[in-house]
Amino acid sequence: GARRGSSRLQHVGDLGPDELLALEQRVAQRLDQVAVAREQALGDGLLRLQQPLDGVAAAVVGEHPAHDVGVAEGAVLDGREGHEAPLHAVRTDHLGGGVRRVEQVAAGAGLSVLMFMRSMNLSLVRNRFTAAAQPSRRIYAAVDEARLQPLRERVTVLELEGALFFGTADRVADLADTLDAHCHTLVLDFRRVSLIDASGAVVLSQLSRRLRDRKVTLLLAGVSVHNRHGRMLAQFAGEGFAADNGIADVDQAVEAAELSLLAHAGGEPLRETVSLVQVGLMNGLDAAQRARLASCLQPRQLAPGEYLFRQGDPGDRLYVITSGTINVLSAVRGSAALPQRYVSLSPGMMLGETAMLDGCGRSGDAVAAGQTEVHALDDQTLKRLRAEDPQLCAQVYQNIALHLSQRLRAASQAWRASTA
């Protein structure tokens, strides 16, 4: 509160040297009190706003025993009764801007400490799930998908967040101890990791060795030899660490794990060639019907990177893949952004059937991932088959419906696993 004495009040600038020295000592004491209060607030995890130190200094002046200096709501009575001078007018060479600078430095230091404490207290692991909850976007043939479904639980994905440095590196080292005994692949998602320092890089290298001893594969999603995380790992974990363990994103990491699991189970998900009689479009047909349908399919060879069709193209035919892989991507015309992968289709799979049925055009770009062979069935040929061989045509439509049903069921199962 304000102390109001006699009507004759005095400016701080009118104080003598000894009195000014005593005043500065009182200000220093108050600054110490403020520092203690700030430390206590930080210890509670809060940064509280302090009374401006200019106001503290003015209050000290009001309590100075040799002078009655009035203080009221951040203002000092200047000697004329009832007249208040703003606090910024009460300055001396000794106090000057120093009090405000001390306040600014102290506030900045306190905020920095609070941010550091917050980064130390982050759990680092933002989310955890298995590939059963979020499978890759590769669509497998029915036999491979059936084999893969129970195996996806062996792929663990951890989404990391924050800084991987000396304060959090030990938490990464402990991740190996939290994995299930049957874990096959651990995927660390670095999409939200802000930085990796030397300690974090060394711990990742140690984690990789520990997992290797357990025959668990470590994949670092979002790390490449060319990005900042990969360069830091190259310095402290070895030149080949990012190349051996890095991968573009979580989707591709999960796909790599799925393919490895299928290979260990004796499957050949990316077998070089599937004969036409093995594709789903031929299901339920006898030998004569299969031969007739095969004669209606038009083969086409695609070079790596060649487009099968582009988004918006007329959907007048469907395709079955007999070798290679087709990636269906988002269109990014005239943009620097990278295309988003919708699905990757393996040999034996079908694509383009939805656009052929509804006539709404292609919903994405279809690109060959390698040397690829497809066989096309156009809508005019299907109409001719409907007139000439209704039984064959009915079975073809049933196979198309079964294919769409299997894809919908797989998506439904993944959704249920992600919300369990």
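## Strands side by side

Two strands count as paired if DSSP finds at least two bridges between them. Keep that in mind as you look at this model, which is a predicted one. Strand E4 (residues 125–130) and strand E6 clear that bar, pairing in the antiparallel sense over five bridges. If you want one spot to look for, find Asn127, whose bridge partner in E6 is Glu159.

E6 has another partner too: E6 and E7 pair in the parallel sense, over nine bridges. Here you can pick out Ala163, which has Leu195 in E7 as its bridge partner. So how enclosed is E6 by the rest of the structure? Nine of its ten residues are buried, so E6 is largely enclosed.

## A five-strand sheet

Now look for an open sheet of five strands, in the order E5-E14-E13-E16-E11, with mixed pairing. E5 and E11 (307–309) stand at the edges with a single partner strand each, so one side of each has no neighbour in the sheet.

Let's zoom in on the E5 end. E5 and strand E14 (residues 341–345) run parallel and are joined by two bridges. Arg138 stands opposite Ser344 of E14. Hold on to Arg138, as we'll meet that residue again shortly.

## Helix H9

Helix H9 covers residues 250–264, which makes 15 residues. Does the length add up, or what span should we expect at 1.5 Å a residue? The expected span is 21 Å, and the end C-alpha atoms of H9 are 21 Å apart, so the two agree.

At the start of H9, Asp249 has a side-chain oxygen that reaches to within 3.3 Å of the backbone nitrogen of Asp251. Just past the other end, Gly266 takes a positive phi of about 90°. In between, H9 has plenty of buried residues to find, including Val250, Ala253, Val254, Leu259 and Leu262. Charged residues turn up in the buried set as well, among them Asp251, Glu255 and Glu258.

## Helix H10

Helix H10 (residues 287–296) has Gln289, Leu293 and Cys296 as its buried residues. Why do these line one face of the helix? Looking down the axis of H10, you'd see them fall within an arc of 50°, so they sit along one face. There's a handy general idea behind this: an α-helix has 3.6 residues a turn, so residues three or four places apart point the same way.

Flip to the face turned away from the buried side, and you'll find the exposed residues Ala287, Ala288 and Ser295. The N-terminal end of H10 is capped by Asp286, with a side-chain oxygen 3.2 Å from the backbone nitrogen of Ala288.

## Salt bridges

How many salt bridges are there? The count comes to 17. One of them brings back Arg138, which pairs with Glu255, the closest N and O atoms being 2.7 Å apart. Arg138 belongs to strand E5 (residues 138–139) and Glu255 to helix H9, so this salt bridge ties together parts that are 117 residues apart in sequence. Are these two partners buried or exposed? Arg138 is buried, at 6% relative accessible area, and Glu255 is buried too, at 10%.

Next up is the salt bridge between Arg191 and Glu159, with 3.8 Å between the closest N and O atoms. Arg191 is in strand E7 (residues 185–196) and Glu159 is in strand E6 (residues 155–164), so to speak two distant parts of the chain, 32 residues apart. Arg191 is exposed, with a relative accessible area of 58%, whereas Glu159 is buried, with 9%.

A third example joins the side chains of Arg210 and Asp177, at 2.9 Å from N to O. Arg210 lies in helix H6 (residues 198–213), while Asp177 lies in the loop between helix H5 (169–173) and E7, so the pair links parts 33 residues apart in sequence. Arg210 is partly exposed at 34% relative accessibility, and Asp177 is exposed at 57%. Some salt bridges also share partners: Arg126, Glu159, Asp189, Arg191 and Arg192 are joined into one network that way.

## What about the cysteines?

A disulfide is a covalent bond between the sulfur atoms of two cysteines. How many disulfides does this model have? The count is zero. As for individual cysteines, Cys183 is buried, at 5% relative accessibility. Cys296, which we met in H10, counts as buried as well, at 10%.

Key:
Residues numbered from 1 in each chain as written. Predicted model: local features only at pLDDT ≥ 70, side-chain atom pairs only at ≥ 80, totals over all residues. Heavy atoms only, no water. Buried < 20%, exposed > 50% of the residue type's maximum accessible area, 1.4 Å probe, protein only. Helix = DSSP H or I, 4+ residues; strand = E, 2+ residues; numbered from the N terminus. Arc of directions from axis to C-beta. Polar contact = N/O pair within 3.5 Å; in protein donor to acceptor, adjacent residues only side chain to side chain. Expected span 1.5 Å × (residues − 1). Salt bridge = Lys/Arg side-chain N within 4 Å of Asp/Glu carboxyl O. Disulfide = S-S within 2.5 Å.
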